[in-house]
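User: I would like to learn how to read a few features of a protein model. Could you take me through them one at a time?

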Amino acid sequence: MSEELPKVLKDAGLDLLSCMQCGICTGSCPSGRHTGLNTRRILRDARKNRVSVLSDDALWLCTTCYTCQERCPREIPITDAILELRRLAVKEGFMLPEHRKVSEMVMEFGHSVPLDEETKKKREELGLDPIPETVQKYPEALQEVRTLLKVCKFDELTAEK
């Protein structure tokens, strides 16, 4: 990575230098209770320009619930910083296989979870339209979604490198 992480984050309006490493973010994280996610460590590594944070699988364990950000005594946009780090990670070619698969599904079907016949049947049994108001209901919109994803280079970002 050519630019330093702290500068890139600061340029994105995400100044992490006021973090006092109190740990409230990590202690209040619902995902951290069940995974290896340690938001305090991720922020510290980003502040110290440890580019290895971009290839850290824990970066992808955040569910973006914003609990850490709401509880931060310094009002640091922690979740936003994690999302920016993910964006940088993808740009550098780092992405979990599961996220890459979801991206491929969106490219192929216009939806991350395509409907199968069983789901359509269950929806009908519940009195719902078998196909919800998504791209799956309007196949002509699928090409528009694909065009948008190509224009913003989503396909290039998510392709394996």
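Analyst: Happy to! Keep in mind that this is a predicted model. Let's start with a single residue: proline 132 sits in the loop that runs between helix H7 (117-125) and helix H8 (139-151).

User: Is proline 132 buried, partly exposed or exposed, and why?

Analyst: The general idea is to look at relative accessible area: under 20% is buried, over 50% is exposed, and partly exposed lies in between. Proline 132 has a relative accessible area of 21%, so it is classed as partly exposed.

User: Which residues does proline 132 touch, leaving out those up to four places away in sequence?

Analyst: With those sequence neighbours set aside, proline 132 is in contact with Leu115, Arg123 and Lys137. Take leucine 115: it is 17 residues from proline 132 along the chain, and their C-alpha atoms are 9.4 Å apart.

User: Let me try another residue. Where is aspartate 45, and is it buried or exposed?

Analyst: Aspartate 45 belongs to helix H3. The same kind of reading applies: its relative accessibility is 7%, and because buried means under 20%, aspartate 45 counts as buried. Beyond residues up to four places away in sequence, aspartate 45 touches Arg50 and Val53.

User: Now to the empty spaces. How many cavities of 30 Å³ or more are there?

Analyst: A cavity is a space where a probe fits but cannot get out. Here the count is two cavities of 30 Å³ or more. The largest has a volume of about 90 Å³. It is lined by 14 residues, and those closest to its centre are Cys19, Cys22, Cys25, Cys72 and Ile76. Helix H2 (24-27) and helix H3 (39-47) are the elements that each give two or more residues to this lining.

User: What classes of residue make up the lining of the largest cavity?

Analyst: There are ten nonpolar, two polar and two charged residues in that lining.

User: And what about the second largest cavity: what is its volume, and which residues line it?

Analyst: Its volume is about 50 Å³. The residues lining the second largest cavity include Cys29, Ser31, Thr39, Cys62, Tyr66, Cys68 and Thr79. By class, its lining has five nonpolar and six polar residues, with no charged ones.

User: Last one: what domains does the chain have, and how far apart are their centres?

Analyst: For this, look at the domain assignment, which gives domain 1 (5-92) and domain 2 (97-158). The C-alpha centres of domain 1 and domain 2 are 29 Å apart.

Key: Residues are numbered from 1 along each chain as its sequence is written. This is a predicted model: local features need pLDDT of at least 70, side-chain atom pairs count only at pLDDT 80 or more; totals for chains, interfaces and linings use all residues. Side-chain values use heavy atoms; hydrogens and water are left out. On a 1 Å grid over the protein atoms alone, a cavity is a set of points where a 1.4 Å probe fits but cannot get out, and a pocket is an open set with protein on both sides within 12 Å along at least five of seven lines; lining residues have an atom within 4 Å of a point. Grid points are joined across faces, edges and corners, and a volume is the space filled by probe spheres set on the points. Helices (H or I, at least four residues) and strands (E, at least two) are DSSP runs, numbered from the N terminus. Ala, Val, Leu, Ile, Met, Phe, Trp, Tyr, Cys and Pro count as nonpolar, Asp, Glu, Lys and Arg as charged, and the others, Gly among them, as polar. Domain bounds come from an automatic or database domain assignment. Buried means under 20% relative accessible area, exposed over 50%, partly exposed in between (1.4 Å probe, protein chains only). Contact means heavy atoms within 4.5 Å.
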